[in-house]
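Here are my notes on this model, as numbered points. Please read them with the structure open.

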Amino acid sequence: MAKEIKVVGLGGSLAEQSSSLAALKIALEGAQEAGAQTAVLDIRELDLPMYAPDANEVPQSVRRLCDEVHSAQGLLWSSPLYHGTISGSFKNALDWLQLLSDREPAYLTDKVVGLISTAGGTQGLQAVNTMEFVVRALRGWAVPLVIPIPQAWRVFDSLGHTHDEKIAEQLHALGHEVTRAARQFASQVITTPDAQQAEAEVQPLSQEEAAATLKE
Ligand SMILES: Cc1cc2nc3c(=O)[nH]c(=O)nc-3n(C[C@H](O)[C@H](O)[C@H](O)COP(=O)(O)O)c2cc1C
């Protein structure tokens, strides 16, 4: 039986009406349509303390963040564009993912991530690019489709709904894509240190063996 796929959305801002949260929720609908179980981690609602490397106690909100992210095969990240990059509150949430360093597998190994940003100006790709750096640093896999939403104030109303069918369609497509790729990853062997070592030990075929394989 195919493994159930869980897609967790992380995003939004500290604003009461957040366009990046609205976009995230629409992308999660897409993941649901594609058959994923979904959960949303709203940055404002999480109310995380600032990451401190020497923190003695791990607050409940941080534990929730880390456990939800670790339990997911797919992730959707959505940050507003702040001064040409991601917001501080979103980066702070990502910094807390340092606590996934001793999980098995560590960080975002074999997790698939879809990236969204909302901007006030005419583009929002810098935030997406910054998030992609973080995905790679945490050993995750960003899907090629990304959704930077310029002039987000035109796109979402005060209830977080959009009348822009094209953007809604793109966000749904991203949710689908993350679910599809996460399903693909989940059907393979997880990349553990053991698996990596085993792969390194596989000897390439000799010329004779390769020729014999071709004849079969
Ligand atoms: C501190 C701050 C910095 C911002 N910097 C930029 C920026 O560099 N470029 C831009 O296009 N919009 C910028 N904006 C506008 C936001 O990206 C835009 O309003 C976005 O939709 C906010 O997302 P939110 O509704 O989820 O908070 C900035 C807004 C704030 C509050």
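1. Helix α1 crosses helix α7 in a right-handed sense. This is a predicted model. The two helices pack at an angle of about 50 degrees, and their axes are 7 Å apart. Angles from 65 to 115 degrees would count as roughly perpendicular and those under 35 degrees as roughly parallel, so α1 is oblique to α7.

2. Which residues make this contact? From α1 (19–33) come Ala23, Ile26, Ala27, Leu28, Glu29, Gly30, Ala31 and Glu33. From α7 (residues 165–186) the list includes Ala168, Leu171, His172 and Val178. By class, the α1–α7 contact has 10 nonpolar, 5 polar and 2 charged residues.

3. α1 also serves the ligand: α1 and β3 (74–82) each supply at least two residues of the shell around the ligand. There are 17 residues around the ligand, and Ser13, Ser20, Pro80, Gly120 and Gly121 come nearest. The shell has 7 nonpolar and 10 polar residues, but no charged ones.

4. Check the backbone next. Most residues other than glycine have a negative phi, and most peptide bonds are trans. Glu104 and Pro105 are joined by a cis peptide bond, with omega about -5 degrees. Pro105 sits in the loop between α4 (88–96) and β5 (112–118).

5. Asp110 lies in the loop between α4 and β5. Asp110 is not a glycine, yet its phi is positive, about 65 degrees. Asp110 has 17 other C-beta atoms within 10 Å, so it is partly exposed.

6. Asp47 also has a positive phi, about 55 degrees, without being a glycine. Its place is the loop between α2 (43–46) and α3 (60–71). Is Asp47 buried or exposed? Asp47 is exposed, because 11 other C-beta atoms lie within 10 Å.

Technical notes: Residues numbered from 1 in each chain as written. Predicted model: local features only at pLDDT ≥ 70, side-chain atom pairs only at ≥ 80, totals over all residues. Near = placed C-beta within 6 Å. Helix = DSSP H or I, 4+ residues; strand = E, 2+ residues; numbered from the N terminus. Nonpolar A, V, L, I, M, F, W, Y, C, P; charged D, E, K, R; others polar. Axes fitted to C-alpha atoms, helices over the stretch in contact; angles between N-to-C directions. Parallel < 35°, antiparallel > 145°, perpendicular 65-115°, else oblique. Left-handed = near helix turned anticlockwise from the far one by under 90°. Contact = placed C-beta atoms within 7 Å. Buried ≥ 20, exposed ≤ 12 C-beta atoms within 10 Å, placed from the backbone.
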